[in-house]
Amino acid sequence: MNPNWKNFLLAEHAIFDNDTDIVFPSSGHGGDKRIYPVSYLGVLTIAGKDAAKFLQGQITCNINDITDTQSSLGAMCNPKGRTITTFLLVKNADAFLMILPKELLAAVKKRLQMYVLRSDVVLTDSSDDVCLIGLSLQSADAPEHRFATTRQENIVVDFQDRRLVIAEAGNAQALWAEQLKQGFQPESSAQWRYLDIISGVPWLTAETSEEFIPQMLNLDKLGGISFNKGCYTGQEIVARTHYLGKTKREMFLAECDVSAVPEPNSTIIDDSGQSIGKVLYAQNGPNSCKMLIVLQVSETHTYNLRLENPRRDEIILSRA
């Protein structure tokens, strides 16, 4: 994390459990205008004259669809089609910003570096150079297109009823101060992750990396897979799954009343005790623990789900 940005947030009464978990004292104010430090995501910059061609051979989304006004979710896979990481890819002049979980960034950079060879491509961890800020929106301000992108002093990516701002540290401080003047209240980084969960954004962790093919994470439904762009690492498996029909496992939003938030890759069982799925990630919210889970698809669309823990806590699907 940029040290100037961290010092600024500390001056704004932020409490750092670590660099990826930031909380603020309860404001006690009503309203739905919130501002969040998005600290669990990092930024990998892919630059150089061959950057676009290089990425086209490594990721599931079509690089030609990513412009100054449109960003995209996507995935990077291993040769077996298993997702190493999901990401948000943003165009920044002649370079690309890959927004992905910080805990996976070093491994992803190392993996991509293996394929650079003689290409004019430079990979840079820019997580300390730029700051990520989340903003909640009034429903009337929600954009028509998901991941529509604008840029003036900062890059702004729309998430329907939210916006992710990518800013240099100095700009981030000015933006934060201005939003507070407009009535926005600081909120914890964990709550932005909670909003990611209920929006169905499938971030991975070290425990879930290389566990699922992209369709199991609903990336096809989120516009993160192109089936006509040509070859990329893992493409054969991803395409075969698509053309053979519906995947046998899909991602669902669920909730559970638990005393401890389940860890990524925790096992989900049915009433008989048979394993039928995994927790992608989970986060406590205002009323319950929300989670994204990957399940075997039931032909009857009926599910009796429990966590494989001592209490066998019941899991309820929020949508199927």
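**Cavity**

I looked up which elements line the largest cavity of this predicted model. Helix H1 (3-11), E4 and strand E9 (130-136) each supply at least two residues of that lining. I noted that E9 gives the most, with three residues. My search of the whole structure found one cavity of 30 Å³ or more. The largest cavity holds about 110 Å³ of space. I counted 15 residues in its lining, and Met1, Val38, Lys102, Cys131 and Leu132 are the closest to its centre.

**Pocket**

I then turned to the largest pocket, which has a volume of about 440 Å³. I found 20 residues lining this pocket, with Thr20, Tyr40, Glu103, Arg193 and Gln283 nearest its centre. Which elements each supply at least two residues of this lining? I listed H3, helix H5 (189-198) and strand E16 (275-284).

**Sheet**

E4 lines the largest cavity, and I next placed this strand in its sheet. The sheet is open and has five strands, in the order E5-E6-E7-E4-E8, with antiparallel pairing. I checked its edges and found strand E5 (72-77) at one and strand E8 (122-125) at the other, each pairing on one side only. Neighbouring strands of the sheet are turned by 30 degrees against each other on average, direction ignored.

I went through one pair in detail. Strand E6 (residues 83-92) pairs with strand E7 (residues 95-101) in the antiparallel sense, over five bridges. Within this pair I located asparagine 92 opposite alanine 95 in E7.

What packs on the sheet? I found helix H3 (residues 102-116) there, touching strand E4 (41-47), E5, E6, E7 and E8. The direction of H3 makes about 135 degrees with that of E7. I had already met H3 among the elements lining the largest pocket.

**Threonine 241**

My last entry concerns a single residue, threonine 241, in helix H6 (residues 235-244). Is threonine 241 buried or exposed? I read a relative accessible area of 18% for threonine 241, and because the cut-off for buried is under 20%, this residue counts as buried. I followed its side chain to the backbone oxygen of isoleucine 237, which the side chain reaches at 3.0 Å. Leaving out residues up to four places away in sequence, I recorded that threonine 241 touches Ile213, Gln215 and Thr247.

Methods
Residues numbered from 1 in each chain as written. Predicted model: local features only at pLDDT ≥ 70, side-chain atom pairs only at ≥ 80, totals over all residues. Heavy atoms only, no water. Pairing = 2+ DSSP bridges. Helix = DSSP H or I, 4+ residues; strand = E, 2+ residues; numbered from the N terminus. Axes fitted to C-alpha atoms, helices over the stretch in contact; angles between N-to-C directions. Contact = heavy atoms within 4.5 Å. Buried < 20%, exposed > 50% of the residue type's maximum accessible area, 1.4 Å probe, protein only. Polar contact = N/O pair within 3.5 Å; in protein donor to acceptor, adjacent residues only side chain to side chain. 1 Å grid on protein atoms, 1.4 Å probe; cavity = no way out; pocket = protein on both sides within 12 Å on 5 of 7 lines; lining within 4 Å. Points joined across faces, edges and corners; volume = space filled by probe spheres on them.
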